[in-house]
There are 2 protein chains.
Amino acid sequence: MKKIIIASTSTVYGSDFLEYLLEDLIIFFKSVETILFIPYAKPGGISHDEYTKKVSNAFLKIDKMVKGIHEFEDPKLAIKNAEAIFVGGGNTFVLLNQLYKNNLIDDLKTSVLGGTPYLGTSAGSNICGLTINTTNDMPIVYPPSFKTFGFVPFNINPHYLDPDPTSKHMGETRETRIMEFHKFNTQPVIGLREGSWLAVNGNSITLKGRITARIFEQGKSPYEVSPETELNTLN
Amino acid sequence: MKKIIIASTSTVYGSDFLEYLLEDLIIFFKSVETILFIPYAKPGGISHDEYTKKVSNAFLKIDKMVKGIHEFEDPKLAIKNAEAIFVGGGNTFVLLNQLYKNNLIDDLKTSVLGGTPYLGTSAGSNICGLTINTTNDMPIVYPPSFKTFGFVPFNINPHYLDPDPTSKHMGETRETRIMEFHKFNTQPVIGLREGSWLAVNGNSITLKGRITARIFEQGKSPYEVSPETELNTLN
């Protein structure tokens, strides 16, 4: 049975890395001792070691060990044997490119569909949707495809931002961008604001956190959904 | 001899489409009667006809005719015969994808290197650099490559935005993103703020407008350059 947390962000303003999620992660990772961390998204271009150290420090607070996938000789085997998996944020293109390069897409899919708990934040959440076509990241590398896991039957837009009515910047708003996406693609998109996450348990997909999320469906006006809303019919 | 304007944006806050550039466009398009417009970037997903009408209205103010490339049976021939070319903004991925799909990359390159005046704004400027790896746009379609014309020997980041020190949003700043780009790519990037443009005349590349631009070179601290700075040695 799928067991996934798809979080908008790792860090909310004014609090430490993963801090806002730790209470829930205690329950989520209850029967897990060691988490396999995939640091490929390299936020700010930091090394896999540095990133793994940061994650390791955060999980020490709830008594979990963390091992980076780059520390294993065979990353495929590391995924196969993992008790649980965390894919952190950074650049979605860099992350997906490295997963393709190391030929790990199918391994991760098999493992998570088989019930290995998966936590994703930001870029690690983007890849839980059908494609990365709704990432906010800069396309600093060219991955062989934008297709990804499809753990949920829609796309994710993490760090969802409402339009700023005072802005004098002429770039597109997030809403405009997602509505443009629907000129070329049919799948729904969920705009997850910082502090929100999706809890996936088997076929159930529930919005968690304290704030609403914004849903974009092709041909409909965008609308808000409240925490605890079931989203499994969205596809 | 190359004759190119690479503008950050088509529209500055509080003024009409292209208005801030019109004085310069009178000179730039002095000997031109009709401009070939390439509407492929489809801002907000509008139709090629709608977009061409908007551009046509703007150029009427300086007595230029505009024809959309989609109005021609043979787009390759349209480019070959064009007196001047304008590629407008919208989504850079959609634009580049359509150029590849219609097999027009080489035609445009030949034409512009041969001296046909080219005006690009936003997405139309992104494609003047070496790649679209530094676009701000959402990757709503997957183009066959991120490589583009290389009319200038570096990358463009249009609508360059300075970090907002009051922001509580945890997403990356533009500067962080471009510095991440340099973990994977070597070419310089020029952050063009709204209201700025590059004027390319043969081998000369000059910053125009009233404000500074921000230059990012791999392994160096970013720095500002003033209007009228020659940038042809940046590569």
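1. Start with the rings in chain A. Phe28(A), Phe29(A), Phe37(A), Tyr51(A), Phe59(A) and Phe86(A) are joined by ring pairs into a cluster. Keep in mind that this is a predicted model. One member of the cluster, Phe28(A), also has a charge over its ring: the charged end of Lys3(A) sits there, 4.7 Å from the ring centre.

2. Lys3(A) leads on to the strands. Strand 1 of chain A covers residues 3-7 and runs antiparallel to strand 8 of chain A, with five bridges joining the two. For one register point, look at Ala7(A): its bridge partner in strand 8 is Trp197(A).

3. Strand 8 of chain A spans residues 197-201. Is this strand mostly covered or mostly open? It is mostly covered, with four of its five residues buried.

4. Strand 8 also pairs with strand 9 of chain A, residues 204-208. This pairing is antiparallel too, again over five bridges. Within it, Ala199(A) stands opposite Thr206(A) of strand 9. The two strands make a hairpin, and two residues lie between them. Check Gly202(A) in the turn: its phi is positive, about 60 degrees.

5. Now the ring pairs as a whole. How many aromatic pairs does a search of the whole structure find? It finds 23 over all chains. Take Tyr160(A) and Phe216(A) as one of them: their centres lie 5.8 Å apart, and the planes meet at 55 degrees, a tilted arrangement. The pair links distant parts of chain A, 56 residues apart. Tyr160(A) belongs to the loop between strand 6 (155-157) and helix 7 (174-181), while Phe216(A) belongs to strand 10 (residues 213-216).

6. Why does Tyr160(A) count as buried? Its relative accessibility is 3%, and buried means under 20%. Phe216(A) counts as buried as well, because its relative accessibility is 1%.

7. Chain B offers another tilted pair, Phe37(B) with Phe86(B). Here the centres are 5.1 Å apart and the planes 35 degrees apart. This pair also links distant parts of its chain: Phe37(B) lies in strand 2 (residues 34-38) and Phe86(B) in strand 4 (residues 85-87), 49 residues apart. Both Phe37(B) and Phe86(B) are buried.

8. A last item in chain B is a lysine over a ring. Lys67(B) lies over the face of Phe72(B), and the distance to the ring centre is 5.0 Å. View it alongside Lys3(A) over Phe28(A) in chain A.

Definitions and conventions. Residues are numbered from 1 along each chain as its sequence is written. Chains are lettered from A and ligands numbered from 1 in the order in which they are written. This is a predicted model: local features need pLDDT of at least 70, side-chain atom pairs count only at pLDDT 80 or more; totals for chains, interfaces and linings use all residues. Side-chain values use heavy atoms; hydrogens and water are left out. Rings of Phe, Tyr and Trp (its six-membered ring) pair if their centres lie within 6.5 Å; planes under 30 degrees apart count as stacked, over 60 as edge-to-face and the rest as tilted. Buried means under 20% relative accessible area, exposed over 50%, partly exposed in between (1.4 Å probe, protein chains only). A charge sits over a ring if NZ of Lys or CZ of Arg is within 6 Å of the ring centre and within 35 degrees of the ring normal. Two strands pair if DSSP finds at least two bridges between them.
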